[in-house]
Every structure is written in C-alpha cells, then in structure tokens.
Amino acid sequence: MLDTIAHAFGYAVAFELHMPTTVWDRVWIGADLATLDGDIGIGHIADGAIAVRGEQIAWVGTRDQLRTFEWSARERIDARGLWLLPGLIDAHTHLVYAGDRSDEFAMRQTGASYEEIARRGGGILSTVRATRAASEESLLQHARKRASALRAEGVTTLEIKSGYGLELETELKMLRVARRLGADLDVSVVTTFLGAHTIPPEFAGRADDYVAALCAEMLPEAVRQGLVDAVDAFCEHIAFSPAQTRRIFSAARQLGLPLRLHADQLSDLSGAALAAELGALSADHLEHASTESLEKMAAHGVVAGLLPGAYYYLRETKLPPVEQLRRLRIPIAIATDCNPGTSPIASLLLVMNMACVLFGLTADEALRGVTCNAARALGLIHDRGSLRAGKRADLTIWSLRHPQQLCSEVGMHRPDEVIAAGRTLCRRGDVDG
Ligand code: DI6
Ligand code: FE
C-alpha cells in the first residue's frame, strides 16, 4: 500500500527526500575565510561559506561545496568582499585593577627602572594599594572599559588574572569582577589566580610564609568559590624564586588546575624550563629564556606567550627568541598583558602590529598568535581558535582586502561584526561598553 502511494506520488516523495536535512541559523556565502585551522598560515578559503547553528559552527567550506538541497538557513548573508576570521583571543591580561601608574611612567622617562620603582614600594604594590581600597563596583566599571575596548576589536575570549590583592578578600573581589565582566559583555573569560604576583607588604622579608599561606588558604578558598580556572606566578628575582614557584604549582596541580607562568621576563631563572617540567600550558614573556629551557618547552608542548607591550613600555632591548621558537616549532601566542604598569594597552590589534615590528613576526604568525595559538595557550583549542565545524561560533567579520592589514596598519580597522557563541555582540559603530 505504501509502495503504491509512493509510486503515485513519486514527485512528492522525491521532493520530500530532497528536503533540507539541516536548518542553520545563519550562513555567510562568498566570503574570504581565514580559518586559522591548519599547521601553518591562515588557512585561507576563497569564495567560502560558513554556517552557524545555535552556539556552534555547523559547516565550513567553499561556496561550490554547498549543496543547496541539504540545508536551509533562517538568515542567508551575501558576504562577498568580506573576510571572516575566528573571534580573537587575548590570552594574558591583568585588566582588573584600580588607579593608574602614569606617575611611574614619568619616573621611567627620567631614567628610573621598573625594578628600582618596584623596590621602592611602587610598581605592582602601588596598584595593590589602590585595588584593595576600591569597591567591587568601581573595579568593575573601570575594567569594563578595557574589556569593551578589546571586544570592539574582535576579542571574544579573554584571560584575566588576579594579583593586585595579595590577600584573600581582594583576590576574590578581582576574580568576581572578572567573572562578572564575562557575563556583562558576553565574552568568555578565563580567570587565573595570580596571588603570587609579588610579596605583599604584610609579608615583607617573609616570602616563604606568604607562599605557605597562599597554598594552604588563599588558593583553596578561591577555588572553592568557583573563581579560578588556572594558576600563574611571577617567577623573577623581584618576585618569586623557582623553588617557591614550584611549591605554588604543586598546590595548584593538587587542585587539578592548569598552570601558566611569567617566565624569564627580566632575567633568566630557568622559569620556562620549570613551566615545562610542571606541565604548564604556557610560559609567557621569555625575553631571557635560555636555549635549554626552550628545548624543554618544545618537548612538553608548552606555548610561548609573547607580550610586546611590556617589551615596548620597558624599552627592553633583549628580544624574545623568536628564531629559536620557530626552529623548535613552539606555538607562539601574542597577548596584550594589559596591566597598569608595564603594558597599559587595551588593544590587541596594536600588540599584533608590535609583535611584527618589534619581534619580527610575520603577519600570519601574529594572526595565529591571537587565534589558534592563543586558544592553545588557554587549553581551549578543541573548542575555539579556528573556523571549523563543531567549534564554538566565535567569529569576526571584517571589511579588508587581506587580514595582514590587521598587522601592518594601526588604528584603521575594527570588525564590522563580532559574534560569540552564534550571537552578535557588537557591530561597527555601536557605542562601546
Ligand atoms: N609581569 C608584568 O609585565 C606585569 N606583571 C608581571 O608579572 C606587570 C604588572 C605591573 O607592573 O603592575
Ligand atoms: Fe603579565
């Protein structure tokens, strides 16, 4: 009986069979895609198409590969002349803080070094005083401006560290602000506990006691409150020794947390080697890292986080070992390091330009540094950092001739649209914040 009907209504059945099996929310057709999905380059697909369903990328390919009978879309966008890239990722920031350090900027202009200022109780400690005194609401308000500026440039995932509290209540306050920023701005925020940023005044001369308190009380409580996604430390002669860093990291590992490290920024303490040995996701700065440390990073798959803003502000002359990173095939991430002292920069695009001009990265390397390799630095490459079906639909849409312009030109580009988890967050011309 069914057969007869099928025969009689052959056309209808055929039509049924060719009904779209998939319904997408949005599909962009005819765009240039920079998928950032391969091992090298930007993964250009010319005359491409990309579809989003719900919070995920549903399909990526060329326009020719789109088989129109297999899908339909609620919104179909003619994207000819546009470039689509993944949402950008800023994998290293300290953007929750109070006050500013323009006075120290002036001191450095007349010859004082960052270390001298820090030793005189300025530097990180001056921001600690301001941050302890600030209300949660005012911290949120100021941090929101910085995070909005990044988002307007296409940043959809943002790492934010604590570290200007150096006692439990203020560290928790900073981490809560970081979480609230994510919710308010609809960007993904990865929080990092950086209680080991410097030794607080209460523990002056007793760094080991502070490390003990941090491991036994501060970190476990912040974790218990669900505020910590990872742990970082400043391993440096003006901050924590490798032995102290090791203690902090083993406490973090016992709590099941991923690690990252400020390593070998001002001097070579073999911080990068330590990061590798303890299985950190990334070792950041690295200006003074030795070849031996870099080889350990390569062996353990640690990402190199380069921070050109700090290099620039400190007028550092020792370049990070870019050639060796390339030779050892260590993935390079680039981040703003947005902080009030050594990198008061809320522009990832500017930092991409600096990475090219100051460190000699190619535009492709810089683009990878804020997408796929930044995702690796955060342990999120399975979920984001490239345009691939199944990943989170974090996209940026740009009116460009080529994405290398994002590195070669400063202040000239903003994305036309920023999309996170399939939803439009902002369009060019929106009032920020
Ligand atoms: N390295 C840096 O560049 C920042 N923190 C760190 O560990 C500086 C933070 C500051 O000066 O406030
Ligand atoms: Fe930093």
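**Exercises on a sheet and a helix pair**

In this predicted model, Asp 90 stands opposite Leu 158, a residue of strand 7.

**Exercise 1.** Work out in which sense strand 6 and strand 7 pair, and over how many bridges.

*Solution.* Begin with the residue pair already named, in which Asp 90 faces Leu 158 of strand 7. Strand 7 covers residues 155–161, and its pairing with strand 6 is parallel, over three bridges. As background, the strands of a sheet are joined through backbone hydrogen bonds, in either a parallel or an antiparallel arrangement.

**Exercise 2.** Place this pair within the whole sheet by finding the order of the strands, and then identify the edge strands.

*Solution.* The sheet is open and is formed by eight strands, which follow one another in the order 6-7-8-9-10-11-12-13 with parallel pairing. At its edges lie strand 6 (88–90) and strand 13 (332–334), each of which pairs on one side only. From one strand to the next, the twist averages 25°.

**Exercise 3.** Describe how helix 7 packs with helix 8, giving the angle, the handedness of the crossing and the residues that meet.

*Solution.* First take the geometry: helix 7 (residues 168–185) and helix 8 (residues 207–224) pack at an angle of about 30°, and their axes are 10 Å apart. Because angles under 35 degrees count as roughly parallel, helix 7 is roughly parallel to helix 8. Next, the crossing of helix 7 and helix 8 is right-handed. Finally, in the contact itself, Leu 168, Glu 171, Leu 172 and Leu 175 of helix 7 meet Met 218, Glu 221 and Ala 222 of helix 8; sorted by class, the residues are five nonpolar, two charged and no polar.

Definitions and conventions: Residues numbered from 1 in each chain as written. Chains lettered and ligands numbered in written order. Predicted model: local features only at pLDDT ≥ 70, side-chain atom pairs only at ≥ 80, totals over all residues. Heavy atoms only, no water. Pairing = 2+ DSSP bridges. Helix = DSSP H or I, 4+ residues; strand = E, 2+ residues; numbered from the N terminus. Axes fitted to C-alpha atoms, helices over the stretch in contact; angles between N-to-C directions. Parallel < 35°, antiparallel > 145°, perpendicular 65-115°, else oblique. Left-handed = near helix turned anticlockwise from the far one by under 90°. Contact = heavy atoms within 4.5 Å. Nonpolar A, V, L, I, M, F, W, Y, C, P; charged D, E, K, R; others polar.
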